[in-house]
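This report describes the fold, the core and the enclosed spaces of one protein chain. Please keep the sequence and the model in view while reading.

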Amino acid sequence: RATLRKRLQQMLAASRRDLHDLDCLHQLRVAAKRLRYAMEVFAACYPPAFQHELYVEVERVQEDLGTINDLRNLKATLLHRDTEPLSQLSRDVDRDLRKLQIQFLHRWSRRKHAKFHRRFEELLKGSSRRVAAAREHR
């Protein structure tokens with residue numbers, strides 16, 4: 001639980017930053033990836049909702065932000081090339097990047113990530129109750 005809580009807190013701290021800033025979005029992506037990997041290690045300790053709800057949500061955040069980061073890197077690469085066809089492509093990539101960023105911000109609102117945090121904590125607490133109950137039955 002301590003590892004998962006630490007990773008969850010890191011992700012939530014990253015989600016409270018200015019997510020209009022692409023560097024902050026990238027930090028959220030990294031934090032989501034770390035939480036996801038920790039969830040994979042401990043998934044068997046938790047009820048199915050842990051994998052079917054929370055893991056899926058973290059995976060989606062990571063994938064969405066991965067796509068945004070890929071476009072960001074493509075845009076940076078295109079900006080280093082100063083030819084007209086690439087300039088148009090760079091504008092198109094920038095438009096798509098902003099569109100995906102806005103879509104993500106609407107999906108991952110403060111209310112949504114607060115709800116995610118509450119649900120995650122509920123499952124962590126539920127696990128500690130199950131462990132205590134199992135110890136009592138021994």
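In this report, a contact means heavy atoms within 4.5 Å. The model is predicted, so to speak of its local features a pLDDT of at least 70 is needed, side-chain atom pairs count only at pLDDT 80 or more, and totals for chains, interfaces and linings use all residues. Residues are numbered from 1 along each chain as its sequence is written, and side-chain values use heavy atoms, with hydrogens and water left out.

**Fold and confidence**

The secondary structure of the chain consists of 5 helices and 0 strands; helices (H or I, at least four residues) and strands (E, at least two) are DSSP runs, numbered from the N terminus. Of the contacts between residues at least 6 apart in sequence, 74% join residues at least 24 apart.

The pLDDT, which is the predictor's confidence in each residue from 0 to 100, averages 87 over the chain, and 88% of the residues score at least 70. Confidence is highest in α2, with a mean of 96, and lowest in α5, with a mean of 72. Over residues 131-135 the pLDDT is below 50, and this stretch has 0 contacts in the model beyond near neighbours in sequence. Where pLDDT is low, the predicted coordinates should not be read in detail.

**Core**

Of the 138 residues in the chain, 38% are buried. Buried means under 20% relative accessible area, exposed over 50%, and partly exposed in between (1.4 Å probe, protein chains only). In soluble globular proteins, nonpolar side chains tend to be buried together. A nonpolar core is a set of buried Ala, Val, Leu, Ile, Met, Phe, Trp, Tyr and Cys residues joined through side-chain atoms within 4.5 Å. The largest such core in this model has 36 residues, and M11 and F120 have the most contacts inside it. Two or more residues each come from α1 (2-15), α2 (22-42), α3 (48-79), α4 (84-107) and α5 (110-136). The most come from α3, which gives 10 residues.

Beyond residues up to four places away in sequence, M11 touches L28, A31, A32, L35, V58, V61, W108 and F116. What does S15 touch, under that rule of counting? Its partners are L28, W108, R110 and H113. S15 is found in helix α1. Because its relative accessible area is 3%, S15 is buried.

**Cavities**

A search of the whole structure finds 2 cavities of 30 Å³ or more. On a 1 Å grid over the protein atoms alone, a cavity is a set of points where a 1.4 Å probe fits but cannot get out; lining residues have an atom within 4 Å of a point. Grid points are joined across faces, edges and corners, and a volume is the space filled by probe spheres set on the points.

| Cavity | Volume | Lining residues |
|---|---|---|
| Largest | About 60 Å³ | E57, R60, V61, D64, F104, R107, W108, K112 |
| Second largest | About 40 Å³ | L22, L25, H26, R29, L65, I68, N69, R72 |

In the lining of the largest cavity, α3 and α4 each supply at least two residues, and α3 gives the most, with 4 residues. For the second largest cavity, α2 and α3 each supply at least two.

Ala, Val, Leu, Ile, Met, Phe, Trp, Tyr, Cys and Pro count as nonpolar, Asp, Glu, Lys and Arg as charged, and the others, Gly among them, as polar. The lining of the largest cavity has 3 nonpolar, no polar and 5 charged residues, whereas that of the second largest has 4 nonpolar, 2 polar and 2 charged residues.

Definitions and conventions: 1 Å grid on protein atoms, 1.4 Å probe; cavity = no way out; pocket = protein on both sides within 12 Å on 5 of 7 lines; lining within 4 Å.
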